[in-house]
Amino acid sequence: MRIDLVTLVVADYDSAIDFFTEVLGFELVEDKPSLTNDGRPKRWVVVRPPGGGTGLLLARADGERQEAAVGDQTAGRVGFFLRVDDFEATYRRMREANVEFVKPPRTEPYGRVAVFRDLTGNPWDLLGPA
């Protein structure tokens, strides 16, 4: 058993795809037309880190309630964790791509960590070995 996908509510499919593929280096696994429960068009968009693992279903906000969740899906807490093998290189590459980091990197008992915000403002931990 494994968690295959986690939904991330986004304002726009294409800008989210660009952020996750171009900036973070994820792979676009699926981008297919689909329909909402009431028959309106939407897209089924899945991105995953290279090599697989749990993917993100990028779901465009539909209605006021979902629009309010864009950028605040975990009520301001870090709710997403991106583990990398080469922390320093990834951190530099993300800084060069103008990713917003909340604080400088630090070392914790579980490894190197720096909090960054995705394109809509959700906080993530960038994690690497100690």
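How many aromatic pairs does a search of the whole structure find? The count is eight, and we'll come back to them after a walk through the fold. Keep in mind that this is a predicted model.

Let's start with the annotation. The unreviewed UniProt entry marks residues 2-129 as "domain: VOC". That span is 21% helix and 40% strand, and its end C-alpha atoms sit 23 Å apart.

Now for the sheet. Four strands make an open sheet in the order β1-β4-β3-β2, and the pairing is mixed. At the edges you'll find β1 (5-10) and β2 (27-35), each with a partner on one side only. From one strand to the next, the twist averages 25°. Helix α1, residues 13-23, packs on this sheet and touches β1, β2, β3 and β4 (55-60), with its direction at about 5° to that of β3. Within the sheet, β2 and β3 (residues 41-48) run antiparallel and share eight bridges; look for leucine 28, which stands opposite valine 47 in β3.

Stay with α1 for a moment. At its start, a side-chain oxygen of aspartate 12 comes within 3.2 Å of the backbone nitrogen of aspartate 14. Further along, the buried residues of the helix are Tyr13, Ala16, Ile17, Phe19, Phe20, Thr21 and Val23. Just past the helix, glycine 25 adopts a positive phi of about 85°.

That brings us back to the rings. Among the eight aromatic pairs is the one between phenylalanine 20 and phenylalanine 26, a tilted pair with 5.5 Å from centre to centre and 50° between the planes. Phenylalanine 20 has a relative accessible area of 0%, so it counts as buried. Phenylalanine 26 is buried too, at 7%.

Why is the pair of tyrosine 91 and phenylalanine 101 edge-to-face? Their planes meet at 65°, which is over the 60-degree cut-off, and their ring centres are 4.6 Å apart. This pair ties together distant parts of the chain: tyrosine 91 belongs to helix α3 (residues 87-96) and phenylalanine 101 to strand β6 (residues 100-101), ten residues apart. Stepping back, ring pairs link Phe19, Phe20, Phe26, Phe80, Phe87, Tyr91, Phe101, Phe116 and Trp124 into a cluster.

Phenylalanine 101 deserves a closer look. Its relative accessibility is 14%, and because the cut-off for buried is under 20%, it counts as buried. Setting aside neighbours within four places in sequence, phenylalanine 101 contacts Tyr91, Met94, Arg95, Ala114, Val115, Phe116 and Leu126. The last of these, leucine 126, is 25 residues away along the chain, yet the two C-alpha atoms are separated by 9.6 Å.

From here, follow β6 across to β8 (residues 111-117). These two strands pair antiparallel over two bridges, with glutamate 100 partnered by arginine 117. Strand β8 itself is mostly covered, with six of its seven residues buried. Strand β8 also pairs antiparallel with β7 (residues 106-108) through three bridges, and arginine 106 stands opposite valine 113 there. Two residues separate β7 and β8 in their hairpin.

The next partner is β9 (residues 123-128), joined to β8 by six bridges, again antiparallel. Valine 113 turns up here as well, standing opposite leucine 127 in β9. The β8-β9 hairpin has five residues between its strands, and glycine 121 in the turn has a positive phi of about 110°.

Notes: Residues are numbered from 1 along each chain as its sequence is written. This is a predicted model: local features need pLDDT of at least 70, side-chain atom pairs count only at pLDDT 80 or more; totals for chains, interfaces and linings use all residues. Side-chain values use heavy atoms; hydrogens and water are left out. UniProt positions are given in the numbering used here, feature names are shortened, and annotations may be inferred rather than shown by experiment. Two strands pair if DSSP finds at least two bridges between them. Axes are lines fitted to C-alpha atoms, for helices over the stretch in contact, and angles run from 0 to 180 degrees between N-to-C directions. Contact means heavy atoms within 4.5 Å. Buried means under 20% relative accessible area, exposed over 50%, partly exposed in between (1.4 Å probe, protein chains only). A polar contact is a pair of N or O atoms within 3.5 Å; within protein, one must be able to donate a hydrogen and the other to accept it, and residues adjacent in sequence count only if both atoms are side-chain atoms. Rings of Phe, Tyr and Trp (its six-membered ring) pair if their centres lie within 6.5 Å; planes under 30 degrees apart count as stacked, over 60 as edge-to-face and the rest as tilted.
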